[in-house]
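Biologist: Could you take me closely through the aromatic rings of this model and the elements that carry them, going on to the sheet afterwards? I would like each geometric term to come with its cut-offs.

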Amino acid sequence: ARLPQGASTLHRLLGLGIDGQAPGYHRDNPLPVDLLVVDEASMLDLSLALQMVEALPPQARLILLGDKDQLKAVEAGAVFAALSARPALSPATCAQLAALTGWPVTVLPRAQLPGPLDDAVVWLSRSHRFAADSALGRLAAALVRGQVSLAMDCLQNGGEELALVEANGPGLSPQEFQRLEAGYAPYRQALSQWQAGERDLAALFEAFDRYRILCATRRGERGVAAVNERLCASLRAPGRRVSPAPFAPSAPLPGQPLMILRNDPASQLFNGDIGIALEDEEGLGVYFPDGASAGARTWRRLAPNRLPLWETAFALTVHKSQGSEFAAVALLLPAQDSPLLTRELIYTAVTRARARVQVLARAELLQQAMARQVRREGGLAEQLGMSRS
């Protein structure tokens with residue numbers, strides 16, 4: 001009965017403001033919790049992790065969940081990767097875990113000296129998103145191990161699950177754009193049914209959430225901004241002009257998906273929330289999922305001029321996609337190499353998919369990205385005495 005019924009971002013939980021404002025919860029005013037569970041912990045930077053730990057009461061327990069091989073936080077530090085890099089489980093702990101879960105647990109070798117996180121780090125090796133022996137599972141495993149040739153082979157011989165579309169030009173060719181656009185065919189069908197009077201929000205959102213385009217960059221012809229602009233252009237009826245909304249840079253088009261970019265407690269919309277602009281009996285409104293009631297999803301409708309800052313969400317950066325899951329994903333890489341193109345970025349993108357991935361890139365550039373790892377020194381491992389000899 002004491003389990004929470006909802007979730008919150010860490011920023012909301014700590015009461016973090018903007019422009020360096022002090023958090024509402026801190027060392028002298030700790031959180032009223034016995035247990036804090038943080039999902040997607042690979043996105044924690046040093047500053048946020050410090051504020052989180054300082055706000056915990058001394059008797060509280062902290063559980064961090066994440067994937068150490070994903071992209072690291074945008075800001076300084078790779079907290080989760082440092083904490084989870086060296087698991088050391090005693091035979092007694094392994095026996096306890098096996099009894100609790102019903103699964104055999106491998107005894108991992110301890111370091112010569114006891115460490116601060118002994119018996120505290122567990123690696124989960126079974127994915128429930130895709131099977132380990134599937135083409136997608138083999139690709140993910142090859143990326144984690146840095147096996148570039150095997151990863152390329154998985155992409156080039158992945159059957160219906162995986163596809164590598166060779167891109168040779170500097171821009172996004174018409175053929176490539178058609179491939180990207182084709183993934184939204186079920187969503188366009190659901191949108192047509194809505195426009196025909198079949199007002200099924202659950203089916204519409206389900207169709208949209210089946211597929212997403214992920215880009216490595218925001219700028220350039222192969223970046224998020226340009227791809228979203230082209231996809232929005234295909235929504236417009238011939239000759240239709242889009243008039244600006246009173247308090248927005250432009251009014252969304254019917255059928256345009258929107259991602260909120262700024263926390264706005266007044267409207268109860270927060271960074272990362274996704275809605276869809278739709279025309280109904282009241283005119284143009286934007287619908288957002290609003291939790292679940294008795295097992296069924298509910299929805300909120302807001303006028304476009306009530307929205308905080310937003311952007312189109314047909315295509316997202318790989319960073320923005322962390323924590324999301326789709327049936328199918330298309331990864332679009334730029335024409336030129338960049339330090340942003342890393343093994344972690346490719347791994348994060350392809351593991352957003354449950355069933356199908358297509359990568360649109362130059363093969364040579366993709367290989368370079370797979371071979372490049374993020375190197376980020378935050379000093380946390382050294383402070384905890386966990387650095388590798």
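**Rings, helices and sheet**

Modeller: Arg230 lies over the face of Phe177, at 4.4 Å from the ring centre, where a charge counts as sitting over a ring if NZ of Lys or CZ of Arg is within 6 Å of the ring centre and within 35 degrees of the ring normal. The model is predicted, so local features need pLDDT of at least 70 and side-chain atom pairs count only at pLDDT 80 or more, while totals for chains, interfaces and linings use all residues. Residues are numbered from 1 along each chain as its sequence is written, and side-chain values use heavy atoms, with hydrogens and water left out. A second charge of this kind belongs to Arg12, whose charged end sits over the ring of Phe270, 3.7 Å from its centre.

Turning to rings that meet other rings, a search of the whole structure finds nine aromatic pairs; rings of Phe, Tyr and Trp (its six-membered ring) pair if their centres lie within 6.5 Å, and planes under 30 degrees apart count as stacked, over 60 as edge-to-face and the rest as tilted. One of them joins Tyr184 and Phe314, edge-to-face at 5.1 Å centre to centre with 65 degrees between the planes. This pair links distant parts of the chain, since Tyr184 is in the loop between α7 (174–182) and α8 (185–195) and Phe314 in the loop between β9 (310–312) and β10, 130 residues apart; helices (H or I, at least four residues) and strands (E, at least two) are DSSP runs numbered from the N terminus. Tyr184 and Phe314 are both buried, buried being under 20% relative accessible area, exposed over 50% and partly exposed in between, with a 1.4 Å probe and protein chains only. Another edge-to-face pair is that of Trp194 and Tyr287, at 5.9 Å centre to centre and 70 degrees between the planes. Here too distant parts of the chain are linked, with Trp194 in helix α8 and Tyr287 in strand β7 (residues 283–293), 93 residues apart, and both Trp194 and Tyr287 are buried. Ring pairs also link Tyr184, Tyr187, Phe208, Tyr211 and Phe314 into a cluster.

Helix α8, which carries Trp194, has a helical partner. The axes of α8 and helix α9 (residues 201–208) come within 8 Å and cross at roughly 160 degrees, axes being lines fitted to C-alpha atoms, for helices over the stretch in contact, with angles from 0 to 180 degrees between N-to-C directions. That makes α8 roughly antiparallel to α9, because angles under 35 degrees count as roughly parallel, over 145 as roughly antiparallel, 65 to 115 as roughly perpendicular and the rest as oblique.

Strand β10, which follows the loop holding Phe314, leads to the sheet. Five strands form an open sheet in the order β3-β12-β11-β4-β10, with parallel pairing, two strands being paired if DSSP finds at least two bridges between them. Its edge strands are β3 (162–166) and β10 (315–317), each of which pairs on one side only, and the twist averages 25 degrees from one strand to the next. Five bridges join β3 to the parallel strand β12 (residues 353–361); Leu162 stands opposite Val357 there, and Val165 opposite Leu360. On β11 (residues 326–332), six bridges make the parallel pairing with β12, and Leu331 has Val359 as its bridge partner in β12.
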